[in-house]
Amino acid sequence: MARAELRPTDSPRAVLIAACLGLFTVFLQTTQTIGTLSAVQDDLGIAPADLVWVPSMYTLVVASFVLGAGALSDRWGRRRIFVAGAVAMGAGGLVLVFATGLSTVLAGQALAGLGGALITPSSLALVSHAFPDPRRRAGAISAWAATSGLGLAIGPVTAGLALRWWTWHAAFWLNLVLGALAVLVALTRVTESRVPGGRPDWAGQVLGTAGLALLIYWLIDGGHHGYGAARALSSLGGAMVLLGVFVTVELRRDHPMVDLRLMRDPTYSASLLLAATVLFGFVGISLLQVLWLQRVRGLSALEVGGQLLAEFVTFIAASVASGLLIRKWGPRPLIVAGLLLAALGAGLFATVEPGDTFTGYAAALVVFGLGCGLANAPSTALGVSHVPRGREGEASGTVNAARQVGAVLGTSILGTLMTSRFTDRLAGGTTNPGEAFTDAVRYAAWTGAGVLVAGTLTGVALLAMAGRRAGATAYEVAR
């Protein structure tokens with residue numbers, strides 16, 4: 001496959017800045033929405049059954065389109081797809097600024113979600129292509145990954161400031177400004193790169209996007225209305241059919257949207273599993289923390305953002321450190337150590353009591369942020385490093401699709417477990433809502449810790465399988 005070259009005037013640092021600006025807005029939108037959710041409900045009179053779709057619409061669109069966006073960035077141009085995503089993200093923020101009802105809020109979230117789906121794989125592909133040296137690439141990916149934690153950290157702060165001084169609409173002006181900055185840097189300092197030749201795989205695009213959309217819809221809707229409900233089961237059945245046809249079509253293509261043959265490499269499969277596990281824990285446990293701080297500790301959105309800085313600042317520092325450590329130790333030990341530390345942090349948070357103050361759970365926040373930060377970038381780098389040069393967009397789309405599915409699973413499964421446990425405790429005669437909610441959070445947090453450990457052990461087994469296969473191949477060559 002021909003190699004797409006960067007022009008001599010291209011600046012890798014400018015590429016990294018543009019990519020980080022874009023990814024920052026993707027994760028900023030997530031916690032901004034959560035931080036303003038109560039105010040949105042009160043202002044617009046949204047029913048509780050409909051309110052769940054305000055944050056879920058964004059997640060649904062991002063997770064559905066991210067896989068196809070990676071392949072399109074390789075064929076149509078990584079900068080072009082990135083700029084389109086930044087414009088969509090800014091436009092979504094603008095719609096939310098002027099939203100006056102549920103329909104416009106959902107439209108703004110969907111438009112921003114499309115922007116997030118286009119930005120996430122194209123930004124990673126731009127970074128991977130701009131830093132061909134594996135060591136420098138690992139450091140750049142670590143910086144790129146660190147901005148996701150920064151976005152999650154700043155989201156509650158901007159929401160809190162908007163609610164304190166203006167209205168919830170004001171929080172989303174920042175998305176518009178950041179989207180414009182990302183477009184400006186990309187258009188003036190980043191040159192285009194793409195894989196020459198090859199046509200878009202439209203059948204794969206449609207089947208993959210529709211299948212993922214139904215699967216994510218089942219995860220989100222089933223988490224609130226029951227996975228055994230007729231609507232949920234029909235969504236799951238449709239998703240399985242579409243994804244099954246997608247696999248069949250892709251295996252027969254000379255230039256598929258996603259080369260499923262890469263899954264035969266246990267290392268690549270392990271990277272997808274580990275990337276999904278990191279986001280499952282990071283987003284799922286973070287949601288539990290935000291809800292507990294708001295509903296049990298009674299903190300405002302601004303106060304929640306301030307306390308969670310202990311976790312997110314540690315996450316950012318660990319992400320940057322992993323970029324340096326990966327050059328010496330490689331990604332695998334960092335991923336394993338990080339996930340186990342994240343499991344420990346989740347377990348520590350699972351011991352929280354209703355009357356605990358910040359000093360009682362600060363250690364849990366720091367340890368959890370440290371673990372997720374150490375594992376986040378290396379798990380992404382491990383997947384991107386196992387594809388041929390020129391297919392960074394495809395790999396980025398696949399890895400980020402795994403990350404987004406992990407994030408959706410984290411919020412859906414842990415959120416559902418928490419809600420069900422809370423309802424059962426109240427029905428069982430618990431009169432103190434704070435104690436019942438804390439028990440529900442502890443139950444879900446222990447489950448999250450268990451998933452982090454299980455994902456780590458499965459990933460280690462796959463990596464060991466890859467090592468044995470490589471050893472057997474080397475032995476055969478030697479013979």
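Angles under 35 degrees count as roughly parallel, over 145 as roughly antiparallel, 65 to 115 as roughly perpendicular, and the rest as oblique. I noted that this model is predicted, that local features need pLDDT of at least 70 and side-chain atom pairs pLDDT 80 or more, and that totals for chains, interfaces and linings use all residues. Residues are numbered from 1 along each chain as its sequence is written, and side-chain values use heavy atoms, without hydrogens and water.

**Entry: α1 and α3**

I looked up helix α1 (residues 12–44) and helix α3 (residues 53–76) (helices are DSSP runs of H or I, at least four residues, numbered from the N terminus). Their axes come within 9 Å and cross at roughly 165°. Axes here are lines fitted to C-alpha atoms over the stretch in contact, with angles from 0 to 180 degrees between N-to-C directions. The two helices are therefore roughly antiparallel.

Next I listed the contact (heavy atoms within 4.5 Å). From α1 come T25, V26, Q29, T30, T33 and L37; from α3, V54, P55 and Y58. I counted 5 nonpolar, 4 polar and no charged residues there. Ala, Val, Leu, Ile, Met, Phe, Trp, Tyr, Cys and Pro are nonpolar, Asp, Glu, Lys and Arg charged, and the others, Gly among them, polar.

**Entry: α9**

I checked which residues of α9 are buried (under 20% relative accessible area, 1.4 Å probe, protein chains only). I found A232, S235, A239, L243, F246 and E250.

**Entry: G330**

I placed G330 in the loop between α11 (301–329) and α12 (331–349). G330 is buried, at a relative accessible area of 17%. I also read the C-alpha separation of G330 and L382 as 9.0 Å, the two being 52 residues apart along the chain.

Methods
Buried < 20%, exposed > 50% of the residue type's maximum accessible area, 1.4 Å probe, protein only.
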